[in-house]
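Morning, everyone. I have one structure to take you through today. Please have a look at it before I start.

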Amino acid sequence: MSHKGKAIDAPATEDLDYLQPGSVVEVSHENNDCLRVWYTATIIERRATSTNDERYVVQFIDIYQDRNSGTKLLLEYNSVDIRPLPPPLPPRKFKAGDMVEAYYQNGWYEGEITLMLDNYNCMFQISSRFLLFGVNQVRHHRTWFNGDWIPPLNLYVTKSIWDEDLTDRMMEIDSNQLEWETDSGSAETSTAGTGNILEKTKEEEFSEGERVEVANIDEDGFNQAWLAATIVKPVENNRYIIRYETLRTGNDTGFLVKEMDSLHIRPPPPDIPVPHQFKMFDNVDALYKGGWWKGIITRVLPRGSRYKVHFDNNGKVMEFKHSDLRLHLDWIDRKWTKPSPGVHL
């Protein structure tokens with residue numbers, strides 16, 4: 001693994017305690033996709049050179065040079081690419097557009113939250129992939145500059161979100177092993193695929209193994225998109241354990257599993273082919289960030305089957321190809337209906 005350093009902070013001096021041998025720090029590394037990642041490491045020694053006398057040998061804590069022998073990786077870094085460990089802070093609410101660092105594959109990746117699924121889970125782009133993280137795997141991005149954190153740490157002292165009621169219990173677990181807390185506080189476990197199928201009662205709208213679409217509800221209670229999922233098992237009070245088909249857990253061990261109310265679940269809409277092209281002002285769903293987002297065709301582009309789509313929820317206009325669009329249908333009273341004609345921008 002090679003290091004492509006990039007100076008971002010102030011130079012270190014001999015008096016900085018966090019650069020002393022034995023100190024646990026974070027080192028800045030850029031991967032092959034030019035993404036900045038912070039890895040935890042231990043200062044081994046200061047190494048003087050003819051061109052730069054502020055270089056340090058560090059040993060990574062979670063990255064191995066030889067995993068079989070247990071040998072941890074050693075690399076040499078400029079002092080400007082080393083910072084102290086950020087102090088722990090209580091979990092807090094995030095919103096789309098926040099600059100954060102998400103913990104993934106033993107490092108903290110810098111980036112921006114692209115989507116909040118609810119108060120406890122967010123979507124984050126790493127290279128060309130969109131991954132889902134719980135808020136306990138995300139921290140606000142901060143810069144270490146001239147011996148201080150920017151923004152200051154006291155800006156983040158807020159009420160912990162864990163003081164609130166957890167209505168949608170999220171589970172960052174192996175999708176083959178389901179575990180959640182019941183109202184009585186005891187843990188229940190069920191292994192998927194063992195043949196223990198629950199019979200569908202009159203109250204149950206969906207069956208185990210049924211493919212569905214689930215609503216992505218924002219913090220204001222509005223549906224942002226519909227995402228493909230599978231019913232894992234029904235639970236009480238018209239709630240279901242579902243497994244997403246496009247969203248993966250933050251540690252990338254499987255697809256995300258969530259408990260949802262039946263009000264936010266629907267069957268997939270029927271496939272209505274559009275053989276040639278969509279027309280201006282057609283109501284459509286656009287496949288974007290793993291989900292189907294409602295919009296309207298505002299322009300048919302001349303260079304082939306591509307379109308400009310105006311999103312209903314945020315007013316953005318984006319370009320899509322024909323295969324990433326479908327005619328929009330509404331699920332009302334357990335029936336699929338076409339929206340009323342007309343432009344609703």
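I'll go from confidence to overall make-up, then to the cores, the rings and two backbone positions.

First, a caution. This is a predicted model. Mean pLDDT for the protein is 76, and 73% of the residues reach 70 or more. Residues 1-13 fall below 50 in pLDDT, and that stretch has 40 contacts in the model beyond near neighbours in sequence. Then take residues 157-202. There, too, pLDDT stays under 50, and the model has 89 contacts for them beyond four places in sequence.

Now the make-up. The protein has 27 strands and zero helices. It has 345 residues, and 42% of them are buried. What share of the contacts with a separation of 6 or more comes from residues 24 or more positions apart? It is 49%.

On to the cores. The largest nonpolar core has 33 residues. Which members touch the most others? They are Val27, Phe60, Ile82, Tyr109, Ile126 and Phe133. Several strands give two or more residues to this core, among them strand 1 (24-30), strand 2 (36-47), strand 3 (55-66) and strand 4 (71-78). Further along the chain, strand 6, strand 7, strand 8 (121-126) and strand 9 (129-134) do so as well. Why does this core lie between domain 1 (23-84) and domain 2 (98-149)? Because both domains give residues to it. Another core lies apart from this one. That other core has 29 residues, including Leu132, Ile242, Tyr244 and Phe320.

Next, the aromatic rings. The count is 16 aromatic pairs. Take Phe124 and Phe133. Their ring centres are 5.9 Å apart, with 85° between the planes, and the pair is edge-to-face. Both Phe124 and Phe133 are buried. Now Phe278 and Tyr307. Their centres are 5.5 Å apart and their planes stand at 80°, so this pair is edge-to-face. Where do the two partners sit? Phe278 is in the loop between strand 20 (265-266) and strand 21 (283-288), while Tyr307 is in strand 23 (residues 306-311). So the pair ties together parts that are 29 residues apart in sequence. Are these two buried or exposed? Phe278 has 2% relative accessibility and counts as buried, because the cut-off is under 20%. Tyr307 is buried at 0%. Back to Phe124 and Phe133 for a moment. Ring pairs link them with Tyr104 and Tyr109 into a cluster.

Some rings also have a charge over them. Arg83 lies over the face of Trp38, 3.8 Å from the ring centre. Arg248 has its charged end over the ring of Phe255, at 4.8 Å from the centre.

Last topic, the backbone. Most residues other than glycine have a negative phi. Here are two residues with a positive one. Asn106 is not a glycine, yet its phi is about 70°. Asn106 sits in the loop between strand 6 (99-104) and strand 7 (107-118). With a relative accessible area of 33%, Asn106 is partly exposed. The other is Arg334, also a residue other than glycine, with a positive phi near 65°. Where is Arg334 found? In the loop between strand 26 (330-332) and strand 27 (335-337). Arg334 has a relative accessible area of 59%. Arg334 is exposed, because that class takes values over 50%.

That's my tour. Over to you for questions.

Definitions and conventions: Residues numbered from 1 in each chain as written. Predicted model: local features only at pLDDT ≥ 70, side-chain atom pairs only at ≥ 80, totals over all residues. Heavy atoms only, no water. Phe/Tyr/Trp six-rings, centres within 6.5 Å; stacked < 30°, edge-to-face > 60°. Buried < 20%, exposed > 50% of the residue type's maximum accessible area, 1.4 Å probe, protein only. Helix = DSSP H or I, 4+ residues; strand = E, 2+ residues; numbered from the N terminus. Lys NZ or Arg CZ within 6 Å of the ring centre and 35° of its normal. Core = buried A, V, L, I, M, F, W, Y, C linked by side-chain atoms within 4.5 Å. Domains from an automatic or database assignment. pLDDT = per-residue confidence, 0-100. Contact = heavy atoms within 4.5 Å.
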